[in-house]
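Thanks, everyone. Let's put the structure up and walk through it.

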Amino acid sequence: MYAPQTTTMAPEPMMPFPALITDIKEEAPGVTTYALEFEDTAVRQSFTFQPGQFNMLYLPGIGEAAISISSDPGQPETLLHTIRVAGNVTQAIARLDVGDVIGLRGPYGSAWPLAHARGLDIIMVAGGIGLPPLRPAIYHIIHHRQEYGQVTVLVGAREPADLMFPGEYDAWREQGIEVLPTVDRADDSWEGRVGVVPMLFYSLRPDPRKTMIFTCGPEIMMRFVVYEALARRVPKERIYLSLERNMKCAIGFCGHCQFGPTFLCKEGPVLSYNQIEPFFSVEEF
Amino acid sequence: MTPHIPPLNAHVVIDKPALQTLFDALQTAGYTLIGPTIREEAIVYDEIGRIEELPIGWTDEQGPGHYRLHERGDGRYFAYVVGPHSWKKYLYPARLTLFRTRRQDKSFTVETGEEPPPKYAFIGARGCELAAIAVQDRVFLEGPIQAATYKARREHAFLLAVNCTEPGETCFCVSMNSGPRCESGFDLALTELDDVFLLQVGSQIGAEMLAGSGWRPAGAFELSHARRLLAEAETQMGRTLETRDLPNLLYDNLDHPRWDEVAERCLSCMNCTMVCPTCFCADITDVSDLSGENTARVRVWDSCFNPDFSYVHGGNLRPSIRARYRQWLTHKLASWIDQFGTSGCVGCGRCITWCPVGIDLTEEVAAIRGEG
Amino acid sequence: MKKEPVAEILKANPWFASLSSPHFEKMVEIATEMSWPAGQIIFREGQQGNYMYLIIEGQVALDIYAPNRGRLTILTLGPNEVFGWSAVVPYTQMRTAAARTIKPTRAIALDSAALRAACKADHELGYLVYRRLTNIIAGRLTATRLQLLDVYGDGTGD
Ligand SMILES: Cc1cc2nc3c(=O)[nH]c(=O)nc-3n(C[C@H](O)[C@H](O)[C@H](O)COP(=O)(O)OP(=O)(O)OC[C@H]3O[C@@H](n4cnc5c(N)ncnc54)[C@H](O)[C@@H]3O)c2cc1C
Ligand code: SF4
Ligand code: SF4
């Protein structure tokens with residue numbers, strides 16, 4: 001009897017693909033946007049993503065980080081990732097130059113419910129590094145502007161210099177999107193708003209029957225966005241949040257990103273409030 | 001001459017020493033045999049080749065935080081329950097290279113991490129263990145993405161299962177509906193009778209492996225004897241766990257004072273998650289050679305009891321042991337069901353036996369139910 | 001900026017619109033429309049407060065002057081938001097911050113003494129007014145807490 005001793009093995013799903021850094025742009029202190037292109041033509045051409053999804057960025061010998069895609073979903077061959085320096089991986093990425101190569105795999109996770117939002121008003125609430133994951137949704141809306149009602153983008157940052165993509169707000173406004181930046185602190189050269197983002201709800205009059213909310217930012221900020229939205233009778237299933245947890249594999253195997261019953265890498269990171277309500281305010285959950 | 005093999009689903013008997021012919025057939029067919037054997041005063045799973053390497057005549061005494069081997073003074077091959085190891089050690093190794101990269105100028109190449117694994121034959125898997133393998137199958141094979149390294153090990157694994165006739169003090173498979181009888185997912189299922197092994201044929205390959213064993217069809221007496229032993233075993237569970245509406249019980253009690261009490265005892269040592277046959281959480285890290293040219297991306301078992309498990313830049317989201325124990329138990333018994341349509345606990349009792357302070361999840365659940 | 005009768009403007013605001021007609025009339029009686037160009041100081045910290053304002057359009061900054069640090073904007077407010085509520089709260093009739101327009105601004109000013117008197121005379125109206133004020137103050141308090149938390153930091157202090 002012929003008896004093979006071993007088995008065969010499919011390719012490892014966590015293998016990254018080398019991608020070239022083609023451009024680097026400083027956005028704010030400690031925050032930089034990288035343009036990446038897969039080296040392999042076939043991989044590059046077959047890659048598509050939906051607004052809200054993320055990739056895993058890998059540096060051999062250092063590690064991997066989950067980073068949202070911040071670019072136009074209509075142009076998936078050049079991917080933008082806007083990264084804030086945090087620890088090991090993001091610091092190492094910050095030392096790279098145009099022409100360097102990084103490992104990339106994805107896209108992973110759920111997307112902003114843009115199909116669901118057709119015909120509705122959308123209020124996006126972004127805090128700090130929360131705007132990059134929303135930017136692809138803004139591009140999508142600009143490309144399909146007539147499909148959506150009023151679109152308002154509330155952007156919060158600590159100081160004016162920390163605002164993400166300020167140079168683009170006027171272009172968005174020209175496309176009929178209201179953009180309201182607000183900061184926690186400013187001197188009097190700042191002509192925009194001062195105050196935390198959830199406060200901006202006070203000057204909006206969302207129509208709860210046709211408003212959808214997308215929010216991404218620090219979890220405390222999102223909690224208060226939820227409170228303000230609920231106080232204005234926006235239904236739970238139309239409030240969407242992008243959550244963040246430690247993430248190692250991005251494909252549901254490592255267990256780190258669990259938030260109760262949900263794996264944030266698979267069912268998330270974008271979830272509706274009614275999916276997470278029982279756990280959202282539980283301490284140390 | 002076509003070999004003399006039993007039909008599928010048949011019940012046959014072999015003499016106990018004829019188990020060696022089965023081992024031999026498996027080895028000839030290219031399998032690496034893994035089975036129970038005694039190492040450092042415990043029954044563990046390791047590579048074996050001969051039936052004498054089985055813990056014949058030994059049994060284990062188990063309790064919360066307690067494990068000891070005894071000689072029985074009889075010739076029983078399988079008169080013990082599960083030890084600190086589980087088959088996850090082979091299907092989902094504690095440390096495994098996922099892929100390697102090699103630097104090339106500014107770029108790098110990516111290569112497979114390891115050679116394809118051997119074909120394993122698992123000797124002596126119990127009902128709870130078959131259930132645990134089925135649970136990990138759901139995690140690693142039945143989602144949108146398959147875990148290649150698990151699949152390669154699992155796909156060709158041969159399972160010689162054993163029905164438990166003498167459950168242990170920390171066993172509660174009846175509560176979890178996973179034993180003591182092996183219902184499915186085996187190639188052969190063995191029940192140890194006084195003089196013979198009764199075998200149920202679960203697959204074609206299982207049947208073929210019996211070709212040289214001198215098997216004969218089981219008689220009515222043998223079948224009824226086995227049935228009686230298993231019915232008795234069901235009544236001898238060391239523990240029970242009331243599973244009625246368990247997910248809601250835990251979700252509704254995330255702030256129950258019992259979590260504080262258990263946190264005072266729990267050492268967050270991670271033993272429970274290491275011995276659990278279904279726990280699958282892992283960390284993934286890079287290991288580079290001295291030149292930094294070659295890097296291996298390595299997966300290692302992790303645990304929700306590890307403080308860094310919930311680390312996001314700036315801090316750990318579950319700094320307290322209370323939150324970590326709550327995460328473990330609610331995952332096992334509640335959210336696992338939402339995630340994979342099955343409980344994450346199969347009632348093997350390992351986490352009770354191997355907890356250094358004897359924390360018993362069945363007791364914790366009862367306390368939260370208000371029955372403590 | 002176009003001039004509308006005060007009653008028309010108040011009708012457009014859901015809270016005023018929800019009042020019974022005697023209560024609404026009372027509000028119209030004590031309300032005046034005011035407007036300022038950009039960069040105007042509406043009141044200064046420490047002054048006696050005479051009015052509470054509801055912004056119709058424009059943008060207003062609330063500033064606190066700190067020695068050595070200059071003028072710090074602690075909050076800005078836009079359409080439909082209220083400022084100057086301290087003028088109505090008996091405890092803080094003094095202005096606790098300065099108000100300055102950032103954009104040309106139009107607002108409805110409610111005479112605070114008249115409002116307090118009306119509430120005292122008609123407790124039902126008083127209840128509605130102070131309930132509204134509590135909501136406004138609670139929102140402001142929440143916002144202040146969030147600002148104190150410095151939510152955009154990652155907790156590592158940088
Ligand atoms: C779905 C998702 C999208 C994200 N999108 C962006 C983005 O667009 N831009 C951006 O700057 N950051 C984003 N982050 C956060 C980013 O993943 C972390 O800042 C990054 O992992 C930190 O890695 P580090 O090695 O630099 O930090 P270290 O502090 O050294 O972290 C060590 C390890 O802990 C884990 N970890 C630490 N912080 C986080 C975190 N906040 N989230 C998840 N895992 C973490 C990672 O596994 C990391 O490898 C996102 C996170 C998630 C989960
Ligand atoms: S939780 Fe405990 S009893 Fe349940 S399967 Fe895991 S180790 Fe066994
Ligand atoms: S429950 Fe027991 S085994 Fe598990 S971490 Fe706590 S002390 Fe360790």
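Start at one residue, Leu361(B). Leave aside its neighbours within four places in sequence. What is Leu361(B) then in contact with? The list is Phe172(B), Tyr325(B), Trp328(B), Leu329(B), Leu333(B), Cys345(B), Cys351(B) and Ile352(B). Keep in mind that this is a predicted model.

Now zoom out to the core. The largest nonpolar core holds 136 residues. Which residues have the most contacts inside it? They are Tyr325(B), Trp328(B), Leu361(B) and Phe83(C). Which element gives the most to this core? That is helix 3 of chain B, residues 127-140, with 8 residues. Two of those highly connected residues, Tyr325(B) and Trp328(B), are also on the contact list of Leu361(B).

On to the ligands. Ligand 2 comes up now. It is surrounded by 13 residues. The closest are Cys276(B), Cys345(B), Cys348(B), Gly349(B) and Cys351(B). Two elements of chain B give two or more residues to this shell: helix 11, at 321-340, and helix 12, at 350-353. By class, the shell around ligand 2 splits into 9 nonpolar, 2 polar and 2 charged residues. Look back at Leu361(B) for a moment. Cys345(B) and Cys351(B) are among its contacts, and both are among the residues closest to ligand 2.

Next, ligand 3. Which residues are around it? A run from chain B comes up: Cys266(B), Leu267(B), Ser268(B), Cys269(B), Met270(B), Asn271(B) and Cys272(B). Add Phe305(B), Tyr325(B), Cys355(B), Pro356(B) and Ile359(B). The class count is 10 nonpolar and 2 polar. Charged residues are absent from this shell. Tyr325(B) deserves a second look. Tyr325(B) is around ligand 3, it has a place among the most connected core residues, and it is in contact with Leu361(B).

Now chain B as a whole. It has 13 helices and 16 strands. Its radius of gyration is 22 Å, and the globule rule gives 21 Å for 372 residues, so chain B is as compact as a globular protein of that length. The C-alpha trace spans about 70 × 65 × 40 Å along its principal axes. How much of chain B is buried? Of its 372 residues, 60% are. Take the contacts in chain B between residues at least 6 apart in sequence: 71% of them join residues at least 24 apart. The accessible surface of chain B is about 14900 Å². Carbon and sulfur atoms account for 49% of that.

Chain C next. Here we have 5 helices and 6 strands. In what order do they run from the N terminus? The order is α-α-α-β-β-β-β-β-β-α-α. The radius of gyration of chain C is 17 Å, close to the 15 Å from the globule rule for 158 residues, so chain C is as compact as a globular protein of that length. Its C-alpha trace spans about 55 × 35 × 30 Å along the principal axes. Of the 158 residues, 46% count as buried. For contacts between residues at least 6 apart in sequence, 73% join residues at least 24 apart. Chain C exposes about 8100 Å², and 55% of that comes from carbon and sulfur atoms.

Now the backbone. Most residues other than glycine have a negative phi, and most peptide bonds are trans. Here are the exceptions I picked out. The bond from Gly106(A) to Pro107(A) is cis, with omega near -5°. Pro107(A) sits in strand 6 of chain A, residues 101-108. Gly179(B) and Pro180(B) are also joined by a cis bond, with omega about 0°. Pro180(B) lies in the loop between helix 5 (173-176) and strand 10 (188-192) of chain B.

Then positive phi. Glu40(B) has a phi of about 50° and is not a glycine. Where is Glu40(B)? It is in the loop between strand 2 (31-39) and strand 3 (42-47) of chain B. Buried or exposed? Glu40(B) has 81% relative accessibility; the cut-off is over 50%, so Glu40(B) counts as exposed. In chain C, Asp150(C) has a phi near 55°. Asp150(C) is in the segment after helix 5 (123-149).

One last distance. Gly292(B) lies in the loop between strand 13 (282-288) and strand 14 (294-301) of chain B. Its relative accessibility is 33%, so Gly292(B) counts as partly exposed. Gly292(B) and Phe172(B) are 120 residues apart along the chain, and their C-alpha atoms are separated by 50 Å. Phe172(B) takes us back to where we began, as one of the contacts of Leu361(B).

Note on methods. Residues numbered from 1 in each chain as written. Chains lettered and ligands numbered in written order. Predicted model: local features only at pLDDT ≥ 70, side-chain atom pairs only at ≥ 80, totals over all residues. Heavy atoms only, no water. Near = heavy atom within 4 Å. Nonpolar A, V, L, I, M, F, W, Y, C, P; charged D, E, K, R; others polar. Core = buried A, V, L, I, M, F, W, Y, C linked by side-chain atoms within 4.5 Å. Buried < 20%, exposed > 50% of the residue type's maximum accessible area, 1.4 Å probe, protein only. Helix = DSSP H or I, 4+ residues; strand = E, 2+ residues; numbered from the N terminus. Contact = heavy atoms within 4.5 Å. Rg over C-alpha atoms; globule rule 2.2 N^0.38 Å. Areas by Shrake-Rupley, 256 points an atom, 1.4 Å probe, with all protein chains shown as cover.
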